Structures are given as C-alpha cells and as structure tokens.
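I set out to record what I looked up in this structure, beginning with one charged side chain and then moving to the fold around it.

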Amino acid sequence: MIKRAKPTNDGVKITFTLPGDIGPVSVVGEFNDWDPHANPLKKRSNGTRSVSVVLPVGAVTSFRYLGEDQGFFDDDSADEICDNGYGGTHSLIRT
C-alpha cells in the first residue's frame, strides 16, 4: 500500500507499507539510487512494515521492493507498472 501526504514546500511524503509477515524488505528506486540499504521497511506494532520518503512535487518516480526471500517485486497499488527496459518491470508513483 502506498500513502501520500499533502504536498508541502519540501515535497510529498510517501509511505510504503507491506504486511509484516513478508520478511526483511527495502524499497529501492530513483530516489535512493536503487540502494537496498537506504530505505528498509521497519516492523511496526500494528503488524506491518513501512518506511517513508519525501519526493518532489510533480515527479514520476520508478521504484520496486527488494525482499530478502522474494527478490525484486512491484507494488500493485502503484500508479502504474511499466517495462523497465531490461526484461522486467518497475512500479511508478506520481506526486
């Protein structure tokens, strides 16, 4: 699930949330140079995992999740799933 906050002068806060039973996972994308260590989803008391990032207003940003057990996977709640040019896909989010 993707949650967007209202835009501010700093950008749009995007929160990525997944079920807690999915195991260790990070969100990787253009906003963190696809670095799997930059934005790991942390366990929450409500049984989910989540992380927030701030993206520029008006941006279209590619991202994916990288799970320890699942490898790369997309988010069904993304604005779009598109071809990544390498035989796979990317999720897109528009701010």
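Entry 1. I worked on a predicted model and looked up the charge environment of Arg 49. Arg 49 is buried, yet it has no salt bridge. The nearest side chain of opposite charge belongs to Asp 21, and I found it 7.6 Å away. A salt bridge would require a side-chain nitrogen within 4 Å of a carboxyl oxygen, so I did not list Asp 21 as a partner of Arg 49.

Entry 2. I next asked which backbone oxygen the side chain of Arg 49 reaches. It is that of Gly 23, at 3.0 Å.

Entry 3. I then listed the residues that Arg 49 touches, leaving out those up to four places away in sequence. Among them are Phe 16, Thr 17, Leu 18 and Pro 19, as well as Ile 22, Gly 23, Pro 24 and Val 25. Leu 41, Lys 42 and Lys 43 are also touched by Arg 49.

Entry 4. I placed Arg 49 in strand 5, which covers residues 48-55. An open sheet of 4 strands has the order 1-2-5-4, with antiparallel pairing. Its edge strands are strand 1 (2-4) and strand 4 (42-43), each pairing on one side only. Strand 1 is joined to strand 2 (residues 12-19) by 3 bridges, and Lys 3 stands opposite Thr 15 in strand 2.

Entry 5. I closed with the whole chain, which has 9 strands and 0 helices. Its radius of gyration is 13 Å, close to the 12 Å that the globule rule gives for 95 residues, so the chain is as compact as a globular protein of that length. I noted that 43% of the 95 residues count as buried.

Conventions:
Residues are numbered from 1 along each chain as its sequence is written. This is a predicted model: local features need pLDDT of at least 70, side-chain atom pairs count only at pLDDT 80 or more; totals for chains, interfaces and linings use all residues. Side-chain values use heavy atoms; hydrogens and water are left out. Helices (H or I, at least four residues) and strands (E, at least two) are DSSP runs, numbered from the N terminus. Buried means under 20% relative accessible area, exposed over 50%, partly exposed in between (1.4 Å probe, protein chains only). Lys and Arg count as positive and Asp and Glu as negative; His and the chain ends are not counted. A polar contact is a pair of N or O atoms within 3.5 Å; within protein, one must be able to donate a hydrogen and the other to accept it, and residues adjacent in sequence count only if both atoms are side-chain atoms. Contact means heavy atoms within 4.5 Å. Two strands pair if DSSP finds at least two bridges between them. The radius of gyration is taken over C-alpha atoms; the globule rule is 2.2 Å times the number of residues to the power 0.38.
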